[in-house]
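Work through the exercises below with the sequence and the coordinates open. Try each task before reading its solution.

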Amino acid sequence: MTIWNLGSINADHVYSVPHIPTPGETLAATALSRGLGGKGANMSVAAARAGARVAHLGAVGADGGWMVERLRDHGVDCTHVQRRDGPSGHAIIAVDAQAENAITLWPGANRDIDLDAVRQALDRAVSGDLLVTQNETNGQVEAAALARARGLTVAYAAAPFEAGAVRAVLPHLDLLVLNEVEARQLSEALGTSVEDLPVPHVVVTLGAQGCDWIDTASGTRHHVDAPRVAAVDTTGAGDTFTGYLLAGLSEGLQMPEALTLASRAGALKVGRHGAADAIPSREEVERAVF
């Protein structure tokens, strides 16, 4: 089974700061690093490091060759990553001493993906494969509809959150992943509870408190605790969780087991600085003692 990921690829410029700057404040950073990031790239790396077969559908600019090579180094199939004119996506990330972050995102090539090329790539998909996308690219609805028509399982990570984007893709989804703030915002925007969404499975992440899985067919909510860890950087933790969750499901794990695996991976990730390059391997996740 292949996980097809229509996802963003960003260069992350990470600044360590004493605290998150307030409006009008000029603040000196104490450290700077550059690495591979973007919600899409993070999820592809996480799923690949969990042992899944992952094909990334996305785009970079002329300055993005190093990011494609980094994805390949992590085991991601980049055959269908497009090269576009203009700059690649990038993010300016401030991380404070309490591991909280503030992010400014420039989408760049991520919003200039050729959908004909995406269709051609998905021609190679087979029933039972999985498509995941997020709200950092163009073409989310078109890809989700095409994947559903081809018999793929379709998942969506509702971030960066925009109610209209989630509403548009909902009819094509089998799995929706969002955090508790996004779940509340979506419920308010749609005038319905997450239990009543027209999606078979909804996963609501709760940070250090773990996650809830809602089986909407039965209306039941199941909770999975997260391991207790000391966080140093929460960047990419949600993407790590989602990538590991999808990898677990793609190999045939039942939802509770896949959620437990994903929670362990996310817990390890928050103990490390960085985004994609800091995502733990499957071996590390399985041998970790919390």
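**Exercise 1. Strand E2 and its partners**

How many bridges join E2 to strand E6, and do the two run parallel or antiparallel?

Solution. The model is predicted, so keep that in mind throughout. Step one: take E6, residues 89–95. Seven bridges join this strand to E2, and the two run parallel. Step two: fix the register. Ala-11 has His-90 as its bridge partner in E6. Step three: look for another partner of E2. Strand E2 (residues 10–16) also pairs with strand E3 (residues 31–37), in the antiparallel sense, over seven bridges. Here Asp-12 stands opposite Gly-35.

**Exercise 2. The nine-stranded sheet**

Determine the strand order of the open sheet, and find its edges.

Solution. Step one: write the order. It reads E5-E4-E1-E8-E9-E10-E11-E12-E13, with mixed pairing. Step two: read off the ends. E5 (81–83) and E13 (220–224) each have a single partner strand, so one side of each lacks a neighbour in the sheet. Step three: get the twist. Neighbouring strands are turned by 20° against each other on average, direction ignored. Step four: check one pair. E9 (residues 153–157) and E10 (residues 175–179) pair in the parallel sense over three bridges. Tyr-156 stands opposite Leu-176 of E10.

**Exercise 3. Helix H8 and the cores**

Identify the strands that helix H8 lies across, then trace the largest nonpolar core.

Solution. Step one: place the helix. H8 (residues 255–269) lies across E10, E11 (201–205), E12 (211–215) and E13. Its direction is at about 160° to E12. Step two: open the core. The largest one holds 46 residues, and Val-203, Tyr-244, Leu-245 and Leu-259 touch the most other members. H8 gives the largest share, seven residues. Step three: list contacts of Val-203, leaving aside neighbours within four places in sequence. They include Leu-175, Val-177, Trp-213, Phe-241, Leu-245 and Leu-259. Step four: look for another core. One of 36 residues lies apart, and its members include Ala-144, Leu-176, Leu-197 and Val-199.

**Exercise 4. Packing of H3 on H4**

Classify the crossing of helices H3 and H4 by angle and by handedness.

Solution. Step one: get the geometry. The axes of H3 (residues 115–122) and H4 (residues 140–149) come within 11 Å and cross at roughly 20°. Step two: apply the cut-off. Angles under 35 degrees count as roughly parallel. H3 and H4 are therefore roughly parallel to each other. Step three: assign the hand. The crossing is right-handed. Step four: name the contacts. Leu-115, Val-118, Arg-119 and Leu-122 of H3 meet Glu-142, Ala-143 and Leu-146 of H4.

**Exercise 5. Backbone outliers and a buried helix**

Find a cis peptide bond, then two residues with positive phi.

Solution. Step one: check omega. The bond joining Ala-159 and Pro-160 is cis, with omega about -10°. Pro-160 sits in the loop between E9 and helix H5 (163–169). Step two: check phi. Ala-99 is not a glycine, yet its phi is positive, about 75°. This residue is in the loop between E6 and strand E7 (101–106). Ala-99 is buried, at a relative accessible area of 0%. Step three: move to Gly-51, which follows H1 and has a positive phi near 105°. Step four: assess H1 (residues 39–49). Of its 11 residues, 10 are buried, so the helix is largely enclosed by the rest of the structure. Lys-39, Asn-42 and Ser-44 are among the buried ones.

Definitions and conventions
Residues are numbered from 1 along each chain as its sequence is written. This is a predicted model: local features need pLDDT of at least 70, side-chain atom pairs count only at pLDDT 80 or more; totals for chains, interfaces and linings use all residues. Side-chain values use heavy atoms; hydrogens and water are left out. Two strands pair if DSSP finds at least two bridges between them. Helices (H or I, at least four residues) and strands (E, at least two) are DSSP runs, numbered from the N terminus. Axes are lines fitted to C-alpha atoms, for helices over the stretch in contact, and angles run from 0 to 180 degrees between N-to-C directions. Contact means heavy atoms within 4.5 Å. A nonpolar core is a set of buried Ala, Val, Leu, Ile, Met, Phe, Trp, Tyr and Cys residues joined through side-chain atoms within 4.5 Å. Buried means under 20% relative accessible area, exposed over 50%, partly exposed in between (1.4 Å probe, protein chains only). Angles under 35 degrees count as roughly parallel, over 145 as roughly antiparallel, 65 to 115 as roughly perpendicular and the rest as oblique. A crossing is left-handed if the near helix is turned anticlockwise from the far one by less than a right angle, and right-handed if clockwise.
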